[in-house]
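Please open the model in your viewer and set the side chains to be displayed as sticks. The tour below proceeds from one selection to the next.

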Amino acid sequence: MRLSNQSSGRQSLTLRLTLLFATVSTSVLLLLGLLIGALAERHFVEQDHDLLSGKLELIAHLLAQVRTPGELNDLPRRLDDALIGHHDLAVLLLAPDGAALFATPDAEFPAALLKTGSAEPSAHPTAWKDGAGRQFRGMALHARTGIENAPPALAAVATNISHHQHFMGSFRTTLWSVVGLAALATGLLGWVAARRGLAPLQAIRQGAAGITARRLDYRLPLGAVPAELAELAETLNAMLARLESSFQRLSDFSSDLAHELRTPVSNLLTQTQVTLSRSRDAEEYREVLASNAEELERMARMIADMLFLAQSENGLIIPEREPIDLAAEVGELFEFYEALAEEKRIALSREGQGLVTGDRIMLRRAISNLLSNAIRHTPPAGWIRARLGTAVDGRISLSIANAGTPIPAEHLPRLFDRFFRADASRRRASDGAGLGLAITRSILAAHGGEVRASAMADANVFEMILPAAESARPSAPGR
């Protein structure tokens, strides 16, 4: 129920992109519509301003030609002749004494406009609505006559802008209708574009849905995805490669573990059944129990080693921290393996010094694993050399080289895998379970170090790299 609720609460990426695209395109269209409307309105205002300014200049010119009161009385006739054909134009001319010399029928001029008249035409016409609901835009001007010492006359001109307003109303209706339809169209096109743009994601989803434990080798085709998804596809492919490798290692480990445990369990079962097939004396039973104890100890060691590796891989191994003299540890282990080395006439030698910080027991176990491995694979009358020194990066290096047949290069990367043996013929002859080198790598990793193997012409070398102890590190300059 919780999963279904979460799924229903999530929005589709296609829907999000569609809404975003529609919102952005609609906003742009709205701004464009507002700009076009404002420019159209400004054009009409400028057009009316030019018309009104021209008529005021005409009236001012006619007034300037008046020289006598008689000519002033004859001015309305001249204005009628000059204004023929301008049906939407309203004119009001007041004589210097305030008497109306000329007035267009039904023309209503606001008092505020008549009070603002000046010697020059105003840059901003005044708009108003008369009693009949008609809309006008007008200007007023004080113009002097040619009569000497006469006060200026007042001329007011207005044009009916109802047809302009009607056009702007139709224009805005058409514009917003187009904007609305364009918004719907861009939303639909955005949805189509988002669907097509996200098609590679659907292909990735379908490919990932087909991945199973038997099909971990599938990889996303990088050439079929756009550049924006290339990094995601590469990351998923890398994840699939890690999963395939981990699953293969797990499968190999399960198979190897079953194989390793099957032999001692089979030996125990067979020997027990044979012993129980007839009556035996106490000494024979004691021998059987001793043999069974050896097999059980071997299984116990194997189980303990596997538990150690499992804890190490999950970060549960936390080593103690104490100063450790690796040269002294190697020397003590040489004494421990001295009898075994003498039996095979193997010469042991060491050189160099190295001080590290770590868990003494765990590091001794790692060194012991390498030494026991070296003794096991060194031919009689061979040699083993332990060399301590400082690596290139300033860490402490402990290399253990032993004479013998070089390990093939193809086996070197897998030497530290669990249950891996480079020589399959030694699988049953060896007392070990094939976990020593894997445990060594885990111990080194827990200490922040590493272990690696290499082969020379007549020898094999295993090298441990560990961080140097604080007291062994060189001081920084100036300290």
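Begin by selecting Arg387, which counts as partly exposed at 47% relative accessibility. Please bear in mind throughout that this is a predicted model. Next, add Glu351 to the selection: the side chains of Glu351 and Arg387 meet in a salt bridge, at 3.1 Å from N to O. The two residues belong to distant parts of the chain, with Glu351 in strand 7 (residues 347–351) and Arg387 in strand 9 (residues 383–390), 36 residues apart. Glu351 is likewise partly exposed, its relative accessibility being 45%.

Now select Glu450 and Arg395. A salt bridge joins Glu450 to Arg395, and their closest N and O atoms are 2.7 Å apart. Because Glu450 lies in strand 11 (residues 450–455) and Arg395 in the loop between strand 9 and strand 10 (396–403), this pair ties together parts that are 55 residues apart in sequence. Glu450 has a relative accessible area of 31% and is partly exposed.

Proceed to Glu329 and Arg364, whose side chains form a salt bridge of 2.7 Å, N to O. Glu329 is found in helix 10 (residues 326–343) and Arg364 in helix 11 (residues 360–377), so that distant parts of the chain, 35 residues apart, are linked. Is Glu329 buried or exposed? Glu329 is buried, with a relative accessible area of 4%, whereas Arg364 is partly exposed at 29%.

Finally, extend the selection to Glu322, Glu332 and Arg360. Together with Glu329 and Arg364, these residues form one network of salt bridges that share partners. The model's count of salt bridges comes to 16.

How values were computed. Residues numbered from 1 in each chain as written. Predicted model: local features only at pLDDT ≥ 70, side-chain atom pairs only at ≥ 80, totals over all residues. Heavy atoms only, no water. Salt bridge = Lys/Arg side-chain N within 4 Å of Asp/Glu carboxyl O. Helix = DSSP H or I, 4+ residues; strand = E, 2+ residues; numbered from the N terminus. Buried < 20%, exposed > 50% of the residue type's maximum accessible area, 1.4 Å probe, protein only.
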